[in-house]
Amino acid sequence: MDTPDPYCATPDRPEPGPVAAGERFADCVLCGKATEYPASHPGATLCPVCAWQEDQRGACSG
């Protein structure tokens, strides 16, 4: 079983875009800390810690 199981694959996250001068960073939807994403970034934004924790929750365990 050397082939990777697509069921256990970690979902790809969009890369943070550049933040324009004077634009603020978006707040994490879970903890409220600043993220790497600009406030204009669409969708739910997570800080690096919460993103890592969400990936760990969704990973296969075994």
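Q: Which residues does T35 touch, not counting residues up to four places away in sequence?
A: In this predicted model, T35 lies in strand 2. T35 counts as buried, at 6% relative accessibility. Leaving out residues up to four places away in sequence, the residues it touches are F25, A26, D27, C28, T45, L46 and C47.

Q: How far is the backbone nitrogen of Y37 from a polar atom of the side chain of T35?
A: T35 is a residue of strand 2, and its relative accessibility of 6% puts it in the buried class. A polar atom of the T35 side chain lies from the backbone nitrogen of Y37 at a distance of 3.1 Å.

Q: In what order do the elements of the protein chain run from the N terminus on?
A: The secondary structure consists of one helix and two strands. Strand 1 covers 25–27 and strand 2 covers 34–38, while helix 1 takes in residues 48–58. From the N terminus on, the order is β-β-α.

Q: Is T45 buried or exposed?
A: T45 sits in the loop between strand 2 and helix 1. Beyond four places in sequence, T45 touches A26, D27, C28, V29, T35 and Y37. Its relative accessibility is 5%, which is under the 20% limit, and therefore T45 counts as buried.

Q: Which residue has the backbone oxygen that the side chain of T45 reaches at 3.0 Å?
A: Among the residues that T45 touches are D27, C28 and V29. The side chain of T45 reaches a backbone oxygen at 3.0 Å, and that oxygen belongs to D27.

Q: With which residue does R24 form a salt bridge?
A: The whole structure has two salt bridges. In the one formed by R24, the closest N and O atoms are 3.4 Å apart. The partner counts as partly exposed, at 39% relative accessibility. The partner of R24 is D27.

Q: How far apart are the closest N and O atoms in the salt bridge of R57 with E54?
A: R57 and E54 are three residues apart in helix 1, which means that about one helical turn separates them. R57 is exposed, with a relative accessible area of 57%, whereas E54 is partly exposed at 33%. Side chains of opposite charge can pair when their charged atoms come close. For R57 and E54 the closest N and O atoms are separated by 2.5 Å.

Q: How many disulfides does the structure hold?
A: A disulfide is counted when two cysteine sulfur atoms are within 2.5 Å. The number of disulfides in the structure is zero. For C28, the nearest cysteine sulfur is that of C50, 3.7 Å away; for C31, the nearest is that of C47, also at 3.7 Å. The count of disulfides is therefore zero.

Q: Which residues does C31 touch, not counting residues up to four places away in sequence?
A: C31 is placed in the loop between strand 1 and strand 2. C31 is partly exposed, with a relative accessible area of 39%. Its C-alpha atom is 7.6 Å from that of C50, a residue 19 positions away along the chain. Not counting residues up to four places away in sequence, C31 touches C47 and C50.

Q: Which residues make up the largest nonpolar core?
A: In soluble globular proteins, nonpolar side chains tend to be buried together. Here the largest nonpolar core has five residues. One of them, C28, is buried with a relative accessible area of 5%. Another is C47, whose contacts beyond four places in sequence are C28, C31, A34 and T35. The core is made up of C28, L46, C47, C50 and A51.

Q: With which residues is L30 in contact, leaving aside its neighbours within four places in sequence?
A: L30 is in the loop between strand 1 and strand 2, and it is exposed, with a relative accessible area of 54%. L30 and C50 are 20 residues apart in sequence, and their C-alpha atoms are 7.1 Å apart in space. With its neighbours within four places left aside, L30 is in contact with L46, C50 and E54.

Q: What share of the residues of the protein chain counts as buried?
A: The protein chain has 62 residues. Its accessible surface comes to about 5,000 Å², with 56% of that belonging to carbon and sulfur atoms. T35 and T45 are among the buried residues. The buried share of the chain is 16%.

How values were computed. Residues are numbered from 1 along each chain as its sequence is written. This is a predicted model: local features need pLDDT of at least 70, side-chain atom pairs count only at pLDDT 80 or more; totals for chains, interfaces and linings use all residues. Side-chain values use heavy atoms; hydrogens and water are left out. Helices (H or I, at least four residues) and strands (E, at least two) are DSSP runs, numbered from the N terminus. Buried means under 20% relative accessible area, exposed over 50%, partly exposed in between (1.4 Å probe, protein chains only). Contact means heavy atoms within 4.5 Å. A nonpolar core is a set of buried Ala, Val, Leu, Ile, Met, Phe, Trp, Tyr and Cys residues joined through side-chain atoms within 4.5 Å. Accessible areas come from the Shrake-Rupley method with a 1.4 Å probe; for residues, only the protein chains shown count as cover. A polar contact is a pair of N or O atoms within 3.5 Å; within protein, one must be able to donate a hydrogen and the other to accept it, and residues adjacent in sequence count only if both atoms are side-chain atoms. A salt bridge is a side-chain nitrogen of Lys or Arg within 4 Å of a carboxyl oxygen of Asp or Glu.
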